[in-house]
Structures are given as structure tokens and as C-alpha cells.
Amino acid sequence: MSGSTYYVPEQSKWPILASVSLGLLAYGAAMTMTAMTADRDSFGPWVLGGGFLVLFYVIFGWFKDQIREEAEGLHSDQLDRSYRQGMLWFIFSEVMFFCAFFGALFYVRVFSVPWIGGEGDKGVTNMLWEGFTATWPLLQTPDMKQFPGATAVIDPWHLPLVNTVLLITSSVTVTFAHHALKENKRRALEAWLAATIILAVIFLYFQAVEYHEAYTELGLTLNSGIYGATFFMLTGFHGFHVMLGTTMLFVMLLRCFDGAFSPEKHFAFEAVAWYWHFVDVVWVGLFIFVYIL
Amino acid sequence: MATVDVDLPHVKDEDPHHHGPAKGLGRWLYTTNHKDIGSMYLIFSLTMFMIGGIMALIIRAELFQPGLQLVEPNFFNQMTTMHGLIMVFGAVMPAFVGLANWMIPMQIGAPDMALPRMNNWSFWILPFAFLILLSSLFMPGGAPNFGWTFYAPLSTTYAPESVTFFIFGVHIMGASSIMGAINIIATILNMRAPGMTLMKMPLFVWTWLITAFLLIAVMPVLAGVVTMMLMDIHFGTSFFNAAGGGDPVLFQHVFWFFGHPEVYIMILPAFGIISEIIPTFARKRLFGYSSMVYAVASIALLSFVVWAHHMFTVGMPLVGEVFFMFATMLIAVPTGVKVFNWTATMFRGSMTFETPMLFAIAFVVLFTIGGFSGLMLAIAPADFQYHDTYFVVAHFHYVLVPGAIFSIMAATYYWLPKWTGHQLNETMGKLHFWLSFVGVNVTFFPMHFVGLAGMPRRIPDYALQFADFNSMASVGAFIFGFSQLVFIYNVIQNVRAGEKATAQVWEGAQGLEWTVPSPAPYHTFSTPPKVD
């Protein structure tokens with residue numbers, strides 16, 4: 001149908017419901033956190049929970065409609081290209097989100113922590129925290145009462161190194177799965193995809209182990225100064241994206257069992273694979289700049 | 001700009017798949033139609049413009065005389081904060097997205113936006129986001145009161161409780177902007193009619209392509225910075241607290257890395273609109289089409305390396321001051337190219353002065369004034385005098401009100417006959433223009449003087465020597481504010497009735513949107529038009 005007439009999707013109830021769910025999530029989260037910090041009760045968690053319920057309803061319903069319409073052959077080549085471009089720009093926006101946190105990390109390491117420590121022409125700020133010396137990782141914070149620094153940081157050459165190997169391998173296995181799909185080898189597709197998911201789950205497990213160690217043994221917490229803040233925000237948001245990616249890969253596996261995707265048309269699979277590579281690249285950045293350097 | 005000859009096989013809907021609008025409320029809630037969504041964006045923006053405008057009038061009423069008359073200082077701070085946030089995120093940005101929704105598919109020969117359902121989602125997030133933001137006015141401790149730039153630690157350690165609602169509101173409106181921008185890029189890159197090459201696209205489309213790129217690049221950074229605030233407030237991190245090794249100045253760096261491209265997000269589509277209107281009423285092709293495209297692209301790229309010119313007085317190393325000063329002044333070059341091109345387009349044209357053209361000419365003159373005061377602010381040593389004074393307020397209101405807002409009004413008058421099928425009432429349009437023109441200048445020009453003399457911004461009281469200029473500015477603000485009722489009247493009147501508009505509407509108008517009937521059919525193109 002491409003080239004002759006245009007295709008415009010039908011009206012849908014999902015976008016407005018998605019907006020309702022985002023509104024509930026935002027309001028509920030704000031209520032919950034405000035009450036938490038002020039140490040009082042609120043019905044925020046109920047609003048938040050309602051938001052999640054609507055969100056899951058939307059996710060199931062909207063994707064169901066998409067899959068049905070695609071099976072009916074409604075999706076033109078043009079729409080397919082729009083989806084691809086949309087996914088790529090979405091990933092670009094995610095990259096920029098991580099850039100904000102990497103930027104914060106570089107700024108404190110290169111500029112502000114040395115300045116508080118008395119270095120350079122802005123080093124006069126050291127008079128505020130006499131005796132503070134700049135180090136990285138910042139174990140001795142300027143005010144150890146308010147922000148008790150960690151006793152040590154995570155050793156990059158143990159779990160993080162293993163995790164690096166796991167994630168890079170998973171990027172390779174998802175590519176094998178993609179090639180198997182293009183050659184219509186369904187068994188290989190399912191096997192490689194399952195392998196990717198297993199690697200991802202092991203990665204997540206090791207991250208949880210590492211967080212547990214950080215909190216219970218090293219005293220490395222969100223509250224332990226700027227090292228803990230940047231460490232947990234960067235690895236935490238990455239971990240959250242891995243969780244999301246793993247869920248997406250798992251849905252792809254279920255759809256493979258269901259007989260979805262042809263060697264020619266499998267945009268959903270490709271989009272998830274792109275997302276997975278993005279998560280992998282961010283990890284490499286984390287491993288270098290957060291763990292090693 | 002290339003002229004386009006169009007061969008339309010059938011503009012009427014013959015395909016049964018393409019029906020008219022659905023009935024009732026469902027049409028607006030579930031719509032996937034770019035015109036419906038564009039209209040909703042524009043109506044939403046106008047509503048927010050009025051709410052933000054009322055806040056501005058509260059500010060000006062308080063500042064009419066020295067001393068404290070009407071409001072408490074804390075409420076005054078809430079008004080300056082909410083006025084800024086609402087005008088930036090609720091009025092200007094949605095208005096441009098609304099215009100993009102209406103015009104881009106028509107201008108490139110597309111049936112609709114590339115991702116129509118996501119388009120609906122992008123719009124409907126906004127009412128929820130702004131309900132959350134506005135509801136903060138009724139919370140204990142009041143609405144955000146730390147300025148629209150929400151510098152830490154004012155917005156973290158010393159913030160009212162409602163700051164968390166503000167943070168999550170910003171999160172979802174950011175999601176809306178990013179999805180809107182992705183949609184616009186996909187539409188422009190993927191939905192152009194055969195023959196509509198990139199360098200044949202109308203400048204409004206070009207400026208939006210570049211604006212959308214800026215949005216996708218910086219809205220996530222805004223999300224990042226409010227997330228850091230959230231963590232500092234509720235989860236014990238120390239991003240903006242030097243006691244833990246963080247830095248309040250870090251906030252300003254991350255915020256302005258978003259903030260400076262953001263101000264170009266609010267002006268680049270305006271450049272596109274003006275570049276459409278001036279050739280029409282000068283009855284000449286736009287002078288220097290390709291240089292206009294390159295100028296917009298260079299402004300956008302430079303916008304990523306100038307952010308710290310908002311922070312000259314914060315205590316940056318000297319090399320930073322010098323770099324950001326010169327990088328900022330470099331932007332004057334492509335901006336100058338644009339102003340000269342608009343002027344050259346008008347030079348020896350057979351000009352007429354219909355309402356859209358009046359707004360466009362006022363834009364060129366008054367935006368240039370705002371640009372020049374920007375150059376003054378860009379000079380780091382001089383900025384130590386101007387920083388945080390009313391001179392800054394005068395500067396950014398000159399680029400935003402007779403800049404962005406005038407361009408939106410110009411665009412509305414220019415394309416309204418295409419939307420409604422009715423010719424404009426020129427008398428009422430001109431009345432609105434002259435009232436606005438006088439009101440804007442009486443409001444904002446005196447602010448230059450009080451600012452240079454040292455009146456600080458965001459303070460509800462001032463020294464006696466500033467009284468005359470301030471009362472003048474307040475009178476101007478009320479003239480400008482109430483003359484917008486004429487605008488609303490004009491729009492409503494035009495929707496309801498008026499002389500039947502032709503397809504071309506304006507004698508000198510060129511481009512695909514002027515080849516379809518007025519009002520444009522619900523589905524403009526069901527098959528791709530041919531563009532030669």
C-alpha cells in the first residue's frame with residue numbers, strides 16, 4: 001500500500017488513558033515522597049498504585065492493538081520507518097538523560113571537589129571546610145556528620161568486571177538471536193534470546209549483591225556524600241534500564257514462542273535489541289568512569 | 001524558497017477509510033487527527049497564557065507603587081515563579097507545537113503526523129502536568145517560590161513542600177515535549193510528499209526540525225536535574241550540597257545546559273513563522289533561503305556551548321568567563337544574517353500591511369532590540385552590573401513577548417483563515433496589534449532604565465527613584481493584558497463567522513498549505529501531492 005494512499009491509524013483510547021496514568025503516577029509519587037519526608041501518613045501510595053494499574057492496563061491494551069493491527073497488515077512501510085526513527089530518537093533522549101548524570105560526575109571530580117579542597121583560583125572555598133582535602137573516591141566528605149563518607153568503594157576488578165563480561169556477552173547473544181531470526185532458524189532464535197535473558201538476570205543479581213555489600217559492609221550509601229550520590233544514581237538508573245530491557249526481551253521471547261515475527265518484518269524485536277545495545281554501551285561508560293577511574 | 005507547483009488528484013475524501021471527525025467528547029479525547037490536536041494545543045496554550053498573564057498583572061499591580069500594597073512577599077515570589085513556568089512551558093512551547101501540528105503536515109504534503117496516537121498522548125499529558133503545577137498554589141507553604149530557574153538550594157533545602165509536585169509535573173511535561181519532538185522529526189524526515197526535498201521545505205518546517213532536535217537533546221537533561229533535586233530533598237544525596245562534596249553551582253550548570261537551548265526552542269519556530277509571513281506580504285521570495293537554514297542550524301549548535309553566560313557572577317574561573325562571553329557573541333552573527341535577510345526580503349517588495357505582516361514587522365524590530373540588549377548582557381564585565389536587575393527582565397521579555405508571542409499571534413492571524421475558512425476582520429486585527437504594540441513597549445522599555453540604575457528583579461518593593469518608570473510599566477502591562485481580550489474576541493468571531501476565504505487567502509502566499517481549500521479538509525491529503 002505504500003506510495004498509493006496514505007495510512008492514518010484509527011482513533012484510540014490508549015493515549016488518553018496513558019496520560020491519566022502519568023498524571024496519577026506523578027501526583028501519587030509526589031504525595032508519597034512529601035509525606036515520607038515530613039513523616040506523616042497520606043493516601044499517596046494508593047494514588048501511585050492506581051497509576052500503576054492504569055499504566056499496566058494501557059501497556060497490555062495498546063501493545064495488543066498494535067500487534068493485532070500489524071497482523072492485519074495495516075502497517076505500511078512508511079509507518080515502519082516512522083517507528084524506527086522514533087525508537088532511535090527515544091534512545092538518543094535516554095543517552096542525554098545519562099549525560100546529565102555523567103556531566104555532574106565529571107564536574108564534581110574535575111572542578112568542585114578540588115576547589116573545596118583548596119586547589120586552583122576558586123580554592124578559597126576551602127576556608128569553609130578547613131582541613132578538608134580533596135580525594136577521589138571522596139571518602140572523607142567536608143561534613144562527616146551530615147554526610148558520613150564510605151569506608152571503601154566497590155572494587156572494579158571483581159563483580160563489576162564479571163558484570164561487564166556478562167553484559168557484553170549478552171549484546172553478542174542478542175545479535176546472534178537477530179541473525180537466527182533473519183535466517184528463520186526459530187530454535188536458535190529462542191535459544192539465543194533465552195541466553196540473553198539469563199545473562200541479564202545474572203547481571204541484575206550481581207548488582208543487587210553489590211548494592212547489599214555497599215550498604216551493609218562499606219557504608220557506601222546515597223547519603224555518603226557526592227561519591228555515593230553519583231555512584232548510586234548512575235548505576236541505579238542503569239540497573240533500572242536493564243530491568244526494563246530484560247522485561248522487554250522476555251516479552252519478545254514469549255512472542256517468539258507464540259510464533260510472532262517473520263524474517264522480513266520484526267521491528268519490535270529490533271527495537272528491543274537496539275535498546276539492549278544502548279544499555280550495554282552505558283554500562284561500558286559506567287565501568288570506565290564510575291568504577292575504574 | 002522554492003515555489004511549489006502542485007498537482008492534486010483529489011483533495012476531497014473519497015476513500016471510505018477517511019471519514020470526518022467523530023462526534024462528541026470522544027473526538028477530542030481519542031483523536032489521532034493533527035488538526036484536532038493542533039487546535040487543542042493552541043486552546044490550551046491560550047488558556048495558560050491568560051492564567052500566566054493574570055499572575056503577571058498581580059506582579060505589576062504590586063509594583064505600581066513602592067512599598068508593599070497588595071500581596072505578601074512570599075506570594076509575590078510564587079507569582080514570579082509560576083508566571084515564568086506557565087508562560088515558558090504552558091504558553092509558548094505548546095503554542096509552537098500546536099502550530100507545528102496544524103501546519104507541518106499540510107506544508108510537506110503529509111496525511112497527518114507520523115505517529116498520530118503518540119501525538120494525542122503528547123498533548124493530553126499537558127493538562128495533567130499543569131493541573132499538578134497549579135494545584136501547588138493551594139498547598140501548605142504555597143506554590144514554588146524559588147523563581148522559574150529554581151536554583152538550588154532555594155529549591156531544595158529551603159523549598160516549600162510543593163516542590164516535589166513541581167518536580168513530577170516537570171517530569172511528565174518533559175515526556176510530553178520529547179514525544180512531541182520525536183513525532184515532528186519523524187514527520188518531517190519520513191512523511192514529505194515526493195519531490196519535497198529538504199531544501200524545498202518551508203522555513204517553518206526547517207526551524208521546527210532543528211527545534212525538535214534541541215528538545216530531544218535537552219529535555220532529558222532537565223529531567224536529570226530535577227531528579228537530582230528530588231534525591232537531594234528526599235533521599236539524602238548531596239548533589240547540590242557542598243557539605244557532602246557537591247556544589248550548588250552544579251545545579252546552575254546542568255539547569256542552563258538545558259536552559260539555554262530551551263530559549264532557542266522558544267524562538268527558532270518564531271524565526272520560521274516570520275520567514276513565511278514576510279515574503280507573502282512583500283510579494284517576493286524569501287531573500288537568502290539557504291543562508292536562513294544554515295543560520296538556524298548554527299544558532300542551534302552554538303546554543304550548546306554558551307550556557308554559562310547566565311552565570312557570569314557565580315564565580316567561574318576566568319577562562320570560563322572569556323570562553324562563554326565570546327561563544328555567546330558569536331551567536332549574533334547568524335542572528336544578524338536572519339535580520340538582514342528579512343529586511344532584504346522587504347526591500348523593494350510591493351508591501352501591504354495586513355495584521356499578520358504588522359506583527360511580523362514589529363517582531364523584526366522589537367526582537368532585534370531584545371537581541372542587542374542580549375549582546376550587552378553577553379559582555380562578562382558589563383554583566384556584573386546588569387546581572388539580576390530589571391535590565392535582564394527587559395531583555396528576555398523583549399525576545400519573548402514581542403518576539404515569541406508576537407510571532408505566535410502573527411501565525412494565528414496568518415493561518416486562521418486556512419483553519420476556519422473565514423477571512424480576517426482586519427479592523428479588529430489592527431486594533432489588537434496597535435494596542436499590543438503600545439502596551440508591550442510601555443511595559444518593557446522602562447525596565448531597561450530601572451535595571452541599568454540597579455533595580456533588582458524578583459523583589460516586591462523598590463527604592464523611591466524607580467517609582468515613575470515602574471508605574472509606567474504597570475500601566476503598559478494592563479493595556480497589553482486587556483488588549484488580549486480583543487485577540488480572543490477576534491479568534492472566536494473568526495471561528496463563528498466571516499467572509500468566505502479562498503484557498504490562497506493572501507494574494508502573495510506560496511506553498512502547499514495554500515493549495516487546499518479553506519477550511520482545510522479534515523484529512524488534507526489522502527494521496528501524496530506531487531511537488532515539482
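# Asking why: two chains, helix by helix

Biologist: What makes you say that α12(B) is largely enclosed by the rest of the structure?

Modeller: 17 of the 24 residues of α12(B) are buried, so the rest of the structure largely encloses this helix. A residue is called buried if 20 or more other C-beta atoms lie within 10 Å of its own, exposed if 12 or fewer do, and partly exposed in between, with C-beta atoms placed from the backbone. Keep in mind that this is a predicted model: local features need pLDDT of at least 70 and side-chain atom pairs count only at pLDDT 80 or more, while totals for chains, interfaces and linings use all residues. Residues are numbered from 1 along each chain as its sequence is written, and chains are lettered from A and ligands numbered from 1 in the order in which they are written.

Biologist: And why is α12 of chain B called a helix with the expected span?

Modeller: The expected span is 1.5 Å times one less than the number of residues. For residues 355-378 of chain B, that rule gives 34 Å, and the end C-alpha atoms are 34 Å apart, which agrees. The label itself comes from DSSP runs, numbered from the N terminus: H or I over at least four residues for a helix, E over at least two for a strand.

Biologist: How does α8(B) do on burial?

Modeller: 15 of its 15 residues are buried, so α8(B) too is largely enclosed by the rest of the structure. Its length works out as well: residues 268-282 of chain B should span 21 Å, and the end C-alpha atoms are 21 Å apart, which agrees. Just after α8(B) comes B:Arg283, with a positive phi near 55°.

Biologist: Let's zoom out. How do you know that the size of chain B agrees with a compact globule?

Modeller: We take the radius of gyration over C-alpha atoms and set it against a rule, 2.2 Å times the number of residues to the power 0.38. With 532 residues the rule gives a value near 24 Å, and chain B has 23 Å, which agrees. The C-alpha atoms of chain B fill a box of roughly 70 × 50 × 45 Å along the principal axes. Inside are 16 helices and two strands, and 60% of the residues are buried.

Biologist: What counts as a contact in chain B, and how many of its contacts join residues at least 24 apart?

Modeller: Two residues are in contact if their C-beta atoms, placed from the backbone, lie within 7 Å. Of the chain B contacts between residues at least 6 apart in sequence, 83% join residues at least 24 apart.

Biologist: Why is B:Leu214 called buried?

Modeller: B:Leu214 has 22 other C-beta atoms within 10 Å, so it passes the cut-off and is buried. B:Leu214 sits in helix α6 of chain B. Leaving out residues up to four places away in sequence, B:Leu214 touches B:Pro261, B:Tyr264, B:Ile265, B:Ala300 and B:Ser303.

Biologist: B:Ser518 is in a loop. Buried or exposed?

Modeller: Buried, because B:Ser518 has 21 C-beta neighbours inside 10 Å. The loop in question runs between α16 (467-496) and β2 (530-531) of chain B. Among the residues that B:Ser518 touches, beyond four places in sequence, are B:Pro417, B:Lys418 and B:Gly421.

Biologist: What makes a nonpolar core a core?

Modeller: It is a set of buried Ala, Val, Leu, Ile, Met, Phe, Trp, Tyr and Cys residues joined through C-beta atoms within 7 Å. The largest one has 261 residues, and B:Ile125, B:Val296 and B:Phe359 are among those that touch the most other members. Helix α6 (residues 203-234) of chain B gives the most to this core, with 25 residues. Chain A joins in too: its domain 1 (1-75) and domain 2 (94-292) both give residues, so the core lies between them. Those bounds come from an automatic or database domain assignment.

Biologist: How many residues of each chain are in contact with the other?

Modeller: 60 residues of chain A are in contact with 64 residues of chain B. On the chain A side, α3(A) gives the most, with 22 residues. That side divides into 35 nonpolar, 19 polar and six charged residues. Here Ala, Val, Leu, Ile, Met, Phe, Trp, Tyr, Cys and Pro count as nonpolar, Asp, Glu, Lys and Arg as charged, and the others, Gly among them, as polar.

Biologist: What about the secondary structure and burial of chain A?

Modeller: Chain A has seven helices and zero strands, and 38% of its 293 residues are buried.
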